[in-house]
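Dear colleague,

Please find below the structure that I am handing over to you. My notes on it follow, with the terms explained where they arise.

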Amino acid sequence: METAYLKEYLAFSRTLNYAQASAELFVSQPTLRAHIHALEDEVGAPLTVKRGGALELSPTGKLFLKKARAIVKVVDESVEECRAFAAESSSLVVGTLDYPPFEDLLLGTIAAFKEECPGKHIEILFASGTYANVESVQAGKVDLSLFVHLRNRRSAGAVEPLSLPEGIASFYLETGECLFWMNRTCPLFEKERISAADLEGYTLLLGNSRNMVCAGETASDYFAAAGVTVEPDNQPCANYLDLYLSGLGETFGVALAGSRSGLRSSPDIRIFGVEDFSIPCDLHVLCDPQRLDACGSAFLERLKAAALAR
């Protein structure tokens, strides 16, 4: 049943005159009559009767008038309530890379945000895997995203500034460690300790986002400094698990220390570090501020403050 038809019926019932009601409603008389007839068809009874040349509401019409008023009132109140809620709420999709410290920070910030702003509501939807990159933020697939930047070997321990597309903002979260993964098909899987030299000639399997291309080059440079050649191979993938499962033979990849992705508990995936060097990786949070509504922007500021206070 159309709410608009009910509102027209309320207006019509005040005069029981199609000409006056149609003028008040800015619709034609044939249109108004058709809408009233549509209501009668749904009810299954006439809503008006003609007595002495004038229209009157039928007994059914009087009952329907009472119900229509109640329905319209509930609908109008519901719309207003939802509009007010929408103005004070936001739903954010966040690329977390299954990194527990970031997920914990998000959950803690939600709790603090609700306590500090009881009239506001924030919803967080976790998007793991390949959504954690610049391209996903640019395309609007995620609203916020963890971003891992492998630190250049020559950076002397300093956090490197990010080079980001116009409109994409970031803030620093923390510095982690880049480790590596291999699956059971790798000849080194059972080797207790792995050196860079053990990986000579191996393929470094990575996703094909712009950041992963740079990560391959950076990791290769660390190996080169140790006198070892590895060959980056950037492949498209819907989820990083695809890479873990597709790597065959003399292949390995990069993994963020502390990330879950189901890897540490898997007997067929090994997470390891090489003895010769460690690769620090700086973790940042990316967003497109123009895509955030007022509530989302307020939450982002609270998240920044929480990250800074860690």
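**Helix packing and a strand pair**

Helix 1 passes helix 2 in a right-handed crossing (a crossing is right-handed if the near helix is turned clockwise from the far one by less than a right angle, and left-handed if anticlockwise). The model is a predicted one, in which local features need pLDDT of at least 70 and side-chain atom pairs count only at pLDDT 80 or more, while totals for chains, interfaces and linings use all residues. Residues are numbered from 1 along each chain as its sequence is written, and side-chain values use heavy atoms, with hydrogens and water left out.

Helices (H or I, at least four residues) and strands (E, at least two) are DSSP runs, numbered from the N terminus. Helix 1 covers residues 3-15 and helix 2 residues 18-25; they pack at an angle of about 135°, with their axes 8 Å apart. Axes are lines fitted to C-alpha atoms, for helices over the stretch in contact, and angles run from 0 to 180 degrees between N-to-C directions. The two helices, helix 1 and helix 2, are therefore oblique to each other (under 35 degrees counts as roughly parallel, over 145 as roughly antiparallel, 65 to 115 as roughly perpendicular and the rest as oblique). On helix 1 the contact (heavy atoms within 4.5 Å) is made by E8, A11, F12, R14 and T15, and on helix 2 by Y18, Q20, A21, E24 and L25.

Helix 1 also packs against helix 3 (residues 29-43), at an angle of about 110° and with the axes 10 Å apart. Helix 1 and helix 3 are therefore roughly perpendicular to each other. Here Y5, L6, E8, Y9 and F12 of helix 1 meet L32, H35, I36, A38 and L39 of helix 3.

Further along the chain, the axes of helix 5 (residues 100-116) and helix 9 (residues 294-308) come within 10 Å and cross at roughly 120°. Helix 5 and helix 9 are therefore oblique to each other, and their crossing is right-handed. The residues in this contact include L105, F113 and E116 of helix 5 and C295, F299 and R302 of helix 9.

Turning to the strands, strand 7 (residues 203-207) pairs with strand 8 (residues 231-235) in the parallel sense over five bridges; pairing requires that DSSP finds at least two bridges between the strands. L204 has P232 in strand 8 as its bridge partner.

Yours sincerely
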